[in-house]
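Trainee: Please take a close look at how the helices pack here. I would like one connected account.

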Amino acid sequence: MYAEGAMTADGSFADRYGPWALITGASSGIGRAMADEVAGRGIPCVILSNEQEQLERARDELIAAHGIEVEAVCVDLAVADVADRIGAQLGDRELGLLINNASFGRTGPFGSDEMDTYRRMLSVNIDAYVALTHRFLPAMVKRGRGGVVFVSSLNSLVPGIGRSAVYSATKAFETSFACGLWQELLDTSVDVLLVIPGPTRTGFQEEAGTKLASWAMEPAAVAGEAIEQLGQRLVHVAGDVNQVLAGSLQRLALEPRVEIASWVLDEALIKGAL
Ligand SMILES: NC(=O)c1ccc[n+]([C@@H]2O[C@H](COP(=O)([O-])OP(=O)(O)OC[C@H]3O[C@@H](n4cnc5c(N)ncnc54)[C@H](OP(=O)(O)O)[C@@H]3O)[C@@H](O)[C@H]2O)c1
């Protein structure tokens, strides 16, 4: 369930970010928790992932929990015409909220994965974010209301982490893209929120081949905190520990910042020692 917030008390969250929300990567983890937050605030959701069965399970749970319309759209975000495919599935439904959340990562020295894996990562973590924003943002601006949420990562504040060079570069792109859009949209009524999670207890770790840091958060906590910030500020760093880490890292010159962040990745996520 969602936390009560200023914009939920009088139903204005739905007025501002409805009539429909699209949440990518909503079959599990942070995206699934974001869908709970949004549906709980009365906005019908289109949830998207690449695995039909899990997606349909998430849809059924959301409908049962919130009694709201939820549609499951199974699409591989790596395909070149992703925005057209999703646009066709949405039909004439108007999107007031786009949550760009789906990404995947890998760890290991550059070259330890095939080029196809890196290409796929660039497509899902970068191309799809740009394509969906390009497709759905103009109508929000024209309508004079809406929101775009980017779920990036603590590593994007470094930027650049050894043994995660491609993934961390995709997240740095996302953070940079979100910040640029936020500035461009300041004179409109469309809000941009950049969510910066640190380690979070999701299926991401298995895909990335990492361990869970001792300070890992639950996805519901990340999503609950984040959605409260939509329309309030540009950046939300999830959780106290990640806020301290983000603040400390950003005070360092680039080289020690990269060294320390790479060490934290190694110790916490690869060796599981922190
Ligand atoms: N977990 C962490 O520690 C952590 C830390 C920092 C940032 N983040 C960020 O948080 C966001 C959410 O990650 P998560 O931790 O919630 O991971 P997750 O549990 O693995 O969820 C990822 C979601 O993205 C979907 N997805 C992945 N590839 C896809 C594709 N090609 N097409 C369509 N959907 C795809 C997955 O669905 P299917 O696989 O079923 O398609 C799933 O729904 C990501 O942007 C990640 O970078 C996570």
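Mentor: In this predicted model, helices H6 and H7 are roughly parallel to each other, because their axes cross at roughly 10° and angles under 35 degrees count as roughly parallel. H6 covers residues 115–143 and H7 covers residues 165–184. Their axes come within 10 Å. On the H6 side, the contact is made by Tyr118, Met121, Leu122, Asn125, Ile126, Tyr129 and Val130. H7 answers with Val166, Tyr167, Thr170, Phe173, Glu174 and Phe177. By class, this contact has ten nonpolar residues, two polar and one charged.

Now take H3 and H9. H9 spans residues 219–229. The axes of H3 and H9 come within 8 Å and cross at roughly 50°. That angle makes H3 oblique to H9. The crossing is right-handed. H3 contributes Gly29, Ile30, Arg32, Ala33, Met34, Asp36, Glu37 and Val38. H9 contributes Pro219, Ala220, Val222, Ala223, Gly224 and Ile227. The contact of H3 with H9 divides into nine nonpolar, two polar and three charged residues.

H3 also leads to the ligand. There are 29 residues around the ligand, and Gly25, Gly29, Asn50, Glu51 and Phe204 come nearest. Two helices give two or more residues to this shell: H3 (29–40) and H8 (204–208). The largest share, three residues, comes from H3. By class, the shell has twelve nonpolar, 14 polar and three charged residues. Gly29 thus appears twice: in the contact of H3 with H9, and among the residues that come nearest to the ligand.

Methods
Residues are numbered from 1 along each chain as its sequence is written. This is a predicted model: local features need pLDDT of at least 70, side-chain atom pairs count only at pLDDT 80 or more; totals for chains, interfaces and linings use all residues. A residue is near a molecule or strand if its C-beta atom, placed from the backbone, lies within 6 Å of it. Helices (H or I, at least four residues) and strands (E, at least two) are DSSP runs, numbered from the N terminus. Ala, Val, Leu, Ile, Met, Phe, Trp, Tyr, Cys and Pro count as nonpolar, Asp, Glu, Lys and Arg as charged, and the others, Gly among them, as polar. Axes are lines fitted to C-alpha atoms, for helices over the stretch in contact, and angles run from 0 to 180 degrees between N-to-C directions. Angles under 35 degrees count as roughly parallel, over 145 as roughly antiparallel, 65 to 115 as roughly perpendicular and the rest as oblique. A crossing is left-handed if the near helix is turned anticlockwise from the far one by less than a right angle, and right-handed if clockwise. Two residues are in contact if their C-beta atoms, placed from the backbone, lie within 7 Å.
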